[in-house]
Amino acid sequence: MESIDSHRVPAHVAVIMDGNGRWAKARGLERSAGHVAGVDAVRRVVEAASKAGVRYLTLYAFSTENWNRPQDEVDALMHLIAYALERETPGLIENGVRLNMIGDVDRIPAASLESLRSSIRATAGGEGLQLNLALSYSARWEITRAANILASRVNGGEINAGDITDADVSACMTTAGMPDPDLLIRTGGDKRISNFLLWQLAYSELYFTSTLWPDFDAECFYRAIMEYQSRERRFGKTSEQIQSSSNT
Ligand code: IPE
Ligand code: IPE
Ligand code: MG
């Protein structure tokens, strides 16, 4: 952590936590054992992000498309999420972490949803890191939902279709009010977005690592932040413009 510049810590880090199944397979274990080991990596990264002063951490835990996995894996994952939340909530409270969930709650089994809601309530007073768990989430689901919300406002005469702005669309996203991710990390070696935060990632720095999620630790996280800090974010401008504004 000493190697990172504390003045340029990303405010929002998003993570595609991939590689649990391969981690388990390499050890001759069931895929679900990889998910269990993945929970330990979540704890390590939440702690590392809190310590570094990251304000928002969004973890992709279960995608809309993951509902198409074998039913026993889906059941095991939903069970694990409920179990892990119950076990980890005291630690989250202690560290001032505020839990939030983004995704389609209607598809989450009642018992898991209850654990989530109770953990969200219990951590509501946290003043440190906001942890967004993306569960039953996909960006196309979210963008379609935003289109529905805006269309019904137009129908209801609240707004004119022609007046819809970029900010209005952002306000209909599940991340309304949060800064867009500065940094996206994907573990597990694949270089794709897999339907995650398509709207919000417009100008995020992308960091891909072949490390499998259960092996990811604080050092790996800080290495990603160091790489992020070595990049020049231009947002469409020229390097000269960026340098002259950072000098003033
Ligand atoms: C990521 O690990 C966790 C979830 C998608 C729930 P995977 O289960 O996708 O692991 P691999 O990619 O098969 O190794
Ligand atoms: C992305 O991983 C979703 C999560 C990490 C929750 P996947 O393993 O589902 O992604 P693909 O199928 O390899 O694109
Ligand atoms: Mg995967």
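Colleague: What share of the contacts in the protein with a separation of 6 or more comes from residues 24 or more positions apart?

Modeller: Such residues account for 77% of those contacts, where contact means heavy atoms within 4.5 Å. This is a predicted model, in which local features need pLDDT of at least 70 and side-chain atom pairs count only at pLDDT 80 or more, while totals for chains, interfaces and linings use all residues. Residues are numbered from 1 along each chain as its sequence is written, and side-chain values use heavy atoms, with hydrogens and water left out.

Colleague: What makes the protein as compact as a globular protein of that length?

Modeller: The radius of gyration, taken over C-alpha atoms, is 19 Å, and the globule rule (2.2 Å times the number of residues to the power 0.38) gives 18 Å for 248 residues; the two values are close, so the protein is as compact as a globular protein of that length. Of the 248 residues, 46% count as buried, that is, under 20% relative accessible area with a 1.4 Å probe, protein chains only.

Colleague: Why are H2 and H3 called roughly parallel?

Modeller: The axes of helix H2 (residues 31-52) and helix H3 (residues 71-94), lines fitted to C-alpha atoms over the stretch in contact, come within 10 Å and cross at roughly 30°. Angles run from 0 to 180 degrees between N-to-C directions, and those under 35 degrees count as roughly parallel, so H2 and H3 are roughly parallel to each other. The contact includes Val 36 and Val 39 of H2 and Leu 77 and Leu 80 of H3.

Technical notes: Chains lettered and ligands numbered in written order. Helix = DSSP H or I, 4+ residues; strand = E, 2+ residues; numbered from the N terminus. Parallel < 35°, antiparallel > 145°, perpendicular 65-115°, else oblique. Buried < 20%, exposed > 50% of the residue type's maximum accessible area, 1.4 Å probe, protein only.
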